[in-house]
Amino acid sequence: MSGNRATTSRRSFLKASAAVGGGLVLGLRLPTGGRYAEAADMPPGQGDFEPNAWIRISSDDQVTIIVGRSEMGQGVLTAMPMLVAEELEADWTRLTTEFAPADRAYTNPLLGRQATGGSTAVRGAWRPLREAGATARAMLLAAAAERWGVRPEACRAENQVVRHPESGRRATYGELAEAAAGQQVPEAVFLKEPGQFRLLGKPTDRLDAPEKVDGSAVYGMDVTLPGLLTAQVARCPVIGGRPGRFDAEAARRVPGVRDVFEIESGVAVVAEGFWPAQKGREALQVEWDYGEHADLSTAGIQRQFREAADSGEAVSARGEGDIRQALSSAARTVEAEYEVPFLAHACMEPMNCTARIEEGICEVWVPTQDQSSTQQVAAEVSGVDPDRVYVHTTYLGGGFGRRSHTDFVADAVETAKKAKAPVKVIWTREDSTRHDRYRPATYNRLAATLDSSGAVTGWKHRIAGPSIMAYNGMLQEDQKLDPSSLEVAQDVPYAVPNIHVDYAMSNTPVPLWWWRSVGASQNGFIREAFFDEVAAAAGADPFELRRRLLRDHPRHLHVLELAAEKAGWGSPLAEGRSRGIAVVHSFGSYCAEVAEVSVGADKAVRVHRVDVAIDCGQRVNPEIIAEQMESGVAYGLSAALQEAVTVQRGQVQQSNFDDYPILRMDQMPEVHVHMVESDQDPGGIGEPGTPPIAPALANAVFAATGDPVRRLPLTRSGYRPA
């Protein structure tokens, strides 16, 4: 096999042994070690032998790939096995998968823990999983060669069969598995060149599609156990509030209610099913201690952000050239203020978790994005040693970052511990919206300078808003810059000689957490929408101005030109329609989008078509990439048109889809995805499709009306989705 040579002994992370019942198991051991990695060090047949990242080949010729990431619709349960299967020469039609348990051995090398987020799953696995597949293939070839008394190089592997062409002999992987387990792990293996790929880069059906279609897929909500109870938690409506006194008598009288008690997040009502738990919670009488945030309001938060921007406490994140000189000598200065709101995640499956604590073992069944934190929190709350906490990952009915938090895990474990029974805690839609952890709202002040020829000479951007990392204790005490708040904003790719970006951290009590594409989701809008204001001031076509100023960034430029070409930029449009364009680099990928929009006389906005150009490096599965771009457009477009979380008297005012509407199917535009050929390592695909859609939409509205869109959602400016 020719290709890229990968040395396994140098990294010393592969371990092979005989599987129980015969066969080959191959553990991929990451440097962080872990319970399963330690087990893998044991000789065959001694102690428990369980994998971290696994290839399991059984004597009945079944190949199973165990996936250490969460499947929330993004296709990781197909893409990661493709990496292994490609190099292993497995029969894709017979492959099966399993979710991995929680263990340090599955640590995401790009996140430092076992978690799924930041569009890192395939990026982090690109070489390690291919090396694992190639190593297993080499051991199978060695086993066959030994059996037949020939050189391994004289054998070929294809579709789970090893052949010796010269003699015509053949053996299946299952027939060779046990012998392969006794082979030496090779010092080095060769990875295929892209031209040799059989699976990678080809549209491949998703492995999880059949069970999602026939309804057999198990989400968190579907989990059931013997004796399982259901609980709901009454939470203080005011942010930061807690229960004062409560009277559980009426709740306990509801048929089916088993118990009522206080937990850290509120008052839990435990019942024999969802309905009695719901009725019990409604009957519960609670006097809330609202705490110190009962006067918190969106209007007050906005004033706070403006005062922070004025305070002079902003910290520089990027400074090139002399922005003061550019401002003082400009022939023209363009200035604008931009605002974005707090946003909820709005997962289709509300938060839920099932927990059981018995005989010193804590088990949780959970749709989680973060197995490491789930295990840690479950151990802390239950008092069980982490080595005896087992995390069973289910399918996720949407994640978008929300399920990497563990508040819903803590609810279930604490409730199960106090109830002394297995309990599923279910958040209602209202719970999930009112007690979410939100994308930060921000206030932004921008200025750009032009010289007498219309050239852009300066760019200044001040962000004022709260920090996700500060809220969650991830910053040092004296650290004033949150990198996630500055994503895209400080990475201005345009050839402007004077650039200054700074950040005035202004924290609030509103809970914060990662939202799909994080800082890029809001700063992509602000930067790219303001760019069109600058282009208008310069009398330039916004696409042509971007082209000129992206001359030093070929990957930005390529997707920009591809999106414009496919959208027919500059060609006549149907009456009443306009186009907007934007380009954003995020999570290792480059994405440009063109939105074709109409704006009615009544300010009804309809997005008819979106052209997406994506450069995400080498493509693993183009079908999944296209789906992720469509999903990113839908998610970002929904937020840009109509989503906002507001606070009044310390309470989140939205609760369900009637007052926090999301994009409906009949509002979804045509989406055309165009992919760039690339030999670069893969970039992310789960998040990069979201940031460009809001500015592409805003710029199309600006082109249609002449009024720049500076505040999201569009409904705040009197527009409405058509």
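The following dialogue examines how several descriptions of this predicted model are justified.

Tutor: Residues are numbered from 1 along each chain as its sequence is written, and side-chain values use heavy atoms, leaving out hydrogens and water. The model is predicted: local features need pLDDT of at least 70, side-chain atom pairs count only at pLDDT 80 or more, and totals for chains, interfaces and linings use all residues.

Student: What pLDDT does the protein chain average?

Tutor: The average is 92, and 93% of the residues score at least 70, where pLDDT is the predictor's confidence in each residue, from 0 to 100. Over residues 7-21, however, pLDDT stays under 50, and over residues 28-52 pLDDT also stays under 50.

Student: What makes helix 16 largely enclosed by the rest of the structure?

Tutor: Buried means under 20% relative accessible area, exposed over 50%, and partly exposed in between (1.4 Å probe, protein chains only). Of the 21 residues of helix 16, 19 are buried, so the helix is largely enclosed.

Student: Why is C236 called buried?

Tutor: Its relative accessibility is 6%, so C236 counts as buried.

Student: Why is C591 called buried?

Tutor: C591 has a relative accessible area of 0%, and is therefore buried.

Student: How do you know that the sulfur of C591 is too far from the closest cysteine sulfur for a bond?

Tutor: A disulfide is a pair of cysteine sulfur atoms within 2.5 Å. The closest cysteine sulfur, in C616, is 9.4 Å from that of C591, and therefore too far for a bond. A search of the whole structure finds 0 disulfides.

Technical notes
Contact means heavy atoms within 4.5 Å. Helices (H or I, at least four residues) and strands (E, at least two) are DSSP runs, numbered from the N terminus.
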